[in-house]
Each structure stands twice: as C-alpha cells, then as structure tokens.
Amino acid sequence: MFARSAIALALVAAASLAHADAKVLKKVAPEYPGEAIKKNITAGSVRAKMNIAGDGKVSGVEVVEAEPKRVFDRAAVDALSQWKFEGTGAAQTHEVKLVFRSED
C-alpha cells in the first residue's frame, strides 16, 4: 500500500448562477484515487457543477471538465455530493474546480 496523501483544492470557477454568493458550510476533501497512484498520475483537476437544493444540500454533481479524463471524476463527485451550503430556500447551481496533487 502506498503511503501517499492527497491535496485537493477547491477553487471557485464561477459564481452560483442563481445567487452570487453560495456560502459553503461544509467541505469534504476528495480521496486520491488508487487508480491514479497505480498509473503514476501525480496531478489532475476536475471542474464540476453542483445543483444545490433550497435547504443547502447538494442534489446533483456534473463533471464539466477533467484532466486527465475519468481518473479523478468519481472521487470529485463523491466528495462534492457531501458538501453543504447555507440554505436560501431556492435551488441554485455552483461551479468549482478541484485540483488533485499527490504527495509522497
């Protein structure tokens, strides 16, 4: 088993389409995928769009762009699905970019 940790940074790629400031209450960092370690992939990114329900829970995640393709997608979707935003009473969308880097 490799003893590696991952850094995933959430960079706001675009403001919420429904509200300019979607306030994040809870962030969950994605796990670095074993597939990436096996393939010696040391970095990548995923840009994703989150659908946020009126209560602030993420109701869906769509990968918009990924580099490399299909390596970090599942980890990003799993983590972003657990994020929590401040409830506004209205559905909204929010786009983020997760950057993955492995550390030895």
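Start by selecting α2, the element that gives the most to the lining of the largest pocket, with 5 residues. (Helices are DSSP runs of H or I of at least four residues, strands are runs of E of at least two, and both are numbered from the N terminus.) Before you go on, note that this is a predicted model, in which local features need pLDDT of at least 70 and side-chain atom pairs count only at pLDDT 80 or more, while totals for chains, interfaces and linings use all residues. Residues are numbered from 1 along each chain as its sequence is written, and side-chain values use heavy atoms, with hydrogens and water left out.

**Stop 1: the largest pocket**

Keep α2 (73–80) on screen and add α1 (34–38); each supplies at least two residues of the lining. Now select Glu31, Pro33, Arg74, Ala75 and Asp78, which lie nearest the centre of the pocket among its 16 lining residues. What is the make-up of the lining: how many residues are nonpolar, polar and charged? The lining divides into 8 nonpolar, 2 polar and 6 charged. (Ala, Val, Leu, Ile, Met, Phe, Trp, Tyr, Cys and Pro count as nonpolar, Asp, Glu, Lys and Arg as charged, and the others, Gly among them, as polar.) The space in this pocket is about 250 Å³. A pocket here is an open set of points on a 1 Å grid over the protein atoms alone, where a 1.4 Å probe fits, with protein on both sides within 12 Å along at least five of seven lines; lining residues have an atom within 4 Å of a point. The volume is the space filled by probe spheres set on the points, which are joined across faces, edges and corners.

**Stop 2: the whole chain**

Zoom out and colour by secondary structure: you will find 2 helices and 6 strands, in the order β-β-α-β-β-α-β-β from the N terminus. Of the 104 residues, 36% are buried (under 20% relative accessible area with a 1.4 Å probe, protein chains only; exposed means over 50%, and partly exposed lies in between).

**Stop 3: strands β3 and β6**

Select residues 92–103 for strand β6, where 9 of the 12 residues are buried. Add residues 43–52 to see strand β3, which pairs with β6 in the antiparallel sense over 10 bridges. (Strands pair if DSSP finds at least two bridges between them.) Along this pairing, Arg47 stands opposite Lys97 in β6.

**Stop 4: Arg47 and its partners**

Show the side chain of Arg47, which is partly exposed at 25% relative accessible area. Which residue in β6 does Arg47 tie to? Arg47 in strand β3 is tied to Glu95 in strand β6, so parts 48 residues apart in sequence are held together by the pair. Their closest N and O atoms are 2.7 Å apart in a salt bridge (a side-chain nitrogen of Lys or Arg within 4 Å of a carboxyl oxygen of Asp or Glu). Glu95 itself is buried, at 16%.

Next, show Glu65, whose side chain also meets Arg47 in a salt bridge, at 3.1 Å from N to O. Glu65 belongs to strand β4 (residues 58–67) and lies 18 residues from Arg47. Its relative accessible area of 47% makes Glu65 partly exposed.

**Stop 5: Lys49 and Glu62**

Finish with the salt bridge between Lys49 and Glu62, at 3.8 Å from N to O. Lys49 lies in β3 and Glu62 in β4, so this pair ties together parts 13 residues apart in sequence. Both are partly exposed: Lys49 at 27% and Glu62 at 43%. Now display Arg47, Glu65 and Glu95 together, since shared partners join these three into one salt-bridge network.
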